[in-house]
Amino acid sequence: MTTTIDRRTFLTGMTCAAAASLLPLETLGASPKGVGTSDSGIIINALGGLGDPNQGADSLVPGMTPRVLAEAHASGLTAVNVTLGYVSGPDDPFEASVRDIAATDALVRGHAGDVLKVLTAADIRRAHDEKKIGLIYGFQNGAMMGKDATRVDVFANLGVRVFQLTYNPANQLGDGSMAPENRGLTPFGRDVVERLNACRVMVDLSHSGEHTCLEAARVSRAPISINHTGCRAVTDLPRNKTDAELRLVAERGGFVGIYFMPFVNASGHARAEDVVAHIDHAVNVCGEDHVGIGTDGTVTQIDDLKAYQAQLAKEIAERQAAGISAAGERPDTYPFVVDLRGPQQFHKLAQLLAQKGYSGGRIEKILGLNFLKYAETVWGS
């Protein structure tokens with residue numbers, strides 16, 4: 001609505017503290033108003049993409065071809081957290097991140113009939129009502145902060161709504177899941193968390209080390225998320241979270257998204273039943289109001305798995321050479337669940353959960369409503 005658009009234009013030039021003061025704040029961490037039946041059918045992927053894995057390795061970067069958009073609509077997807085900005089490599093992290101946001105903004109403007117940029121929880125509902133796909137801008141590495149926590153304000157005002165503190169290695173904020181020291185947040189990392197709270201940006205601890213995650217959950221004034229992970233009690237790999245991490249995040253009002261990744265099976269050859277087992281464990285540890293999905297993949301079907309395997313082997317070798325791969329990644333392990341992919345993946349997951357005895361209401365929470373409630377808590381309604 002016009003008032004909302006005018007207000008957003010106004011907010012882009014303000015500091016986060018000033019902008020937050022204009023939002024309808026509840027106490028951070030308190031339960032937001034319940035979601036009503038009008039939200040039925042909302043599907044939110046807490047980490048995924050709108051890309052075509054048939055056309056290159058970087059499939060999470062938005063690539064809005066007619067096929068990608070058609071299959072995303074067919075999947076029922078309402079909104080997805082897409083990874084933008086610097087993750088690794090030789091580019092300047094700050095400059096690369098600003099450029100990527102600008103390029104994605106241009107893509108959104110060019111495809112306004114199909115997608116919209118999500119700034120508030122209300123935008124997710126608007127995407128659902130208008131049959132569009134909401135793009136939630138997110139980072140997967142805090143390296144673009146440099147040594148200046150106030151850069152959070154810059155990115156928040158550019159529309160970044162999810163901020164993952166670390167990727168697999170350590171950075172200046174804390175240790176990632178593959179950092180052997182398993183230290184907690186650095187002093188600078190604590191400053192960044194405080195700034196993210198002030199700017200009402202989600203603090204995401206996917207890829208973090210255990211101590212980094214636990215400390216961030218304790219020091220954050222707002223609930224935190226682990227947007228794409230598995231459960232280490234089910235599959236003992238570093239990218240999966242311990243029960244202590246899952247429990248603390250949930251107790252403090254946060255959100256946990258289970259991924260469709262090889263890490264949900266010790267062999268690396270994951271099946272749909274493995275995803276269901278991880279969701280079930282997470283629900284038992286966290287409660288049914290704190291668990292959702294963050295697939296870490298796209299909905300576009302892969303046409304030729306053999307050709308993709310050759311491409312994947314090259315990508316894994318590059319990740320290993322760059323020191324950013326995780327234990328469990330191998331050239332023969334697909335970065336998806338082989339029988340839970342393509343436009344039917346969410347529908348199939350719902351069927352499998354129903355067969356396990358999950359009620360329709362609980363399934364709707366897992367597919368999207370739990371993330372929506374969490375977004376209301378952090379971003380405001």
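Over which residues from 17 on does pLDDT stay under 50, and how many contacts beyond four places in sequence does the model have for them?

**Entry 1: confidence**

I began with the parts of this predicted model that carry low scores. I found that pLDDT stays under 50 over residues 17-37, and that the model has 33 contacts beyond four places in sequence for this stretch. I then looked at the beginning of the chain, where residues 1-14 also keep a pLDDT under 50, and for these I noted 14 contacts beyond four places in sequence. For the chain as a whole I wrote down an average pLDDT of 89, with 88% of the residues scoring at least 70.

**Entry 2: the chain as a whole**

I next looked up the secondary structure, and I noted 13 helices and nine strands in the chain. Of the 381 residues, 56% are buried. I also looked up how far apart in sequence the contacting residues are: among contacts with a separation of 6 or more, 72% join residues that are 24 or more positions apart.

**Entry 3: two asparagines in strands**

I turned to Asn 45, which has its place in strand E1, residues 44-48. Is Asn 45 buried or exposed? I recorded Asn 45 as buried, because its relative accessibility is 2% and the cut-off for buried is under 20%. Leaving out residues up to four places away in sequence, I listed the residues that Asn 45 touches, and among them are Leu 77, Ala 79, Val 80 and Asn 81, as well as Ile 293, Gly 294, Thr 295, Asp 296, Gly 297 and Phe 346.

I then looked up Asn 227, which is found in strand E7, residues 225-229. With a relative accessible area of 0%, Asn 227 is buried. Beyond its neighbours within four places in sequence, Asn 227 has contacts that include Ala 46, Leu 47, Asn 81, Val 162, Asp 204 and Ser 206, and further along the chain they include Phe 255, Gly 257, Ile 293, Gly 294 and Phe 371. Reading the two lists side by side, I noticed that Asn 81, Ile 293 and Gly 294 appear for Asn 45 and also for Asn 227. I also noted one distance for Asn 227, whose C-alpha atom is separated by 8.9 Å from that of Gln 164, 63 residues apart along the chain.

**Entry 4: a valine in a helix**

My next residue was Val 249, which I found in helix H9, residues 243-251. Val 249 is buried, with a relative accessible area of 1%. Leaving aside its neighbours within four places in sequence, I listed its contacts as Cys 213, Ala 217, Ile 224, Ile 226, Gly 254, Phe 255 and Val 256. Cys 213 and Val 249 are 36 residues apart in sequence, and I noted 8.7 Å between their C-alpha atoms.

**Entry 5: two helices in contact**

I followed helix H5 (residues 121-129) to helix H13 (residues 360-379), and I noted that they pack at an angle of about 145 degrees with their axes 8 Å apart. On the H5 side the contact is made by Ala 121, Ile 124 and Arg 125, and on the H13 side by Phe 371, Leu 372, Ala 375, Glu 376 and Trp 379. By class, I counted six nonpolar, no polar and two charged residues in this contact.

**Entry 6: positive phi values**

Most residues other than glycine have a negative phi, so I looked for exceptions. Lys 131 has a phi near 55 degrees, and Lys 131 lies in the loop between H5 and strand E4 (133-139). Arg 200 also has a phi near 55 degrees, and Arg 200 is found in the loop between helix H7 (187-199) and strand E6 (202-204). Which relative accessibility does Lys 131 have? I found 66%, which makes Lys 131 exposed, whereas Arg 200, at 4%, counts as buried.

**Entry 7: the cavity**

Last, I looked for enclosed space, and I noted one cavity of 30 Å³ or more, with about 40 Å³ of space in the largest cavity. Its lining is made up of Phe 139, Val 152, Phe 155, Ala 156, Val 160, Phe 163, Leu 196 and Val 201. Helix H6 (151-157) and strand E5 (160-164) each supply at least two of these residues, and H6 gives the most, with three. By class, I recorded eight nonpolar residues in the lining, no polar ones and no charged ones.

Notes. Residues numbered from 1 in each chain as written. Predicted model: local features only at pLDDT ≥ 70, side-chain atom pairs only at ≥ 80, totals over all residues. Heavy atoms only, no water. pLDDT = per-residue confidence, 0-100. Contact = heavy atoms within 4.5 Å. 1 Å grid on protein atoms, 1.4 Å probe; cavity = no way out; pocket = protein on both sides within 12 Å on 5 of 7 lines; lining within 4 Å. Points joined across faces, edges and corners; volume = space filled by probe spheres on them. Helix = DSSP H or I, 4+ residues; strand = E, 2+ residues; numbered from the N terminus. Nonpolar A, V, L, I, M, F, W, Y, C, P; charged D, E, K, R; others polar. Axes fitted to C-alpha atoms, helices over the stretch in contact; angles between N-to-C directions. Buried < 20%, exposed > 50% of the residue type's maximum accessible area, 1.4 Å probe, protein only.
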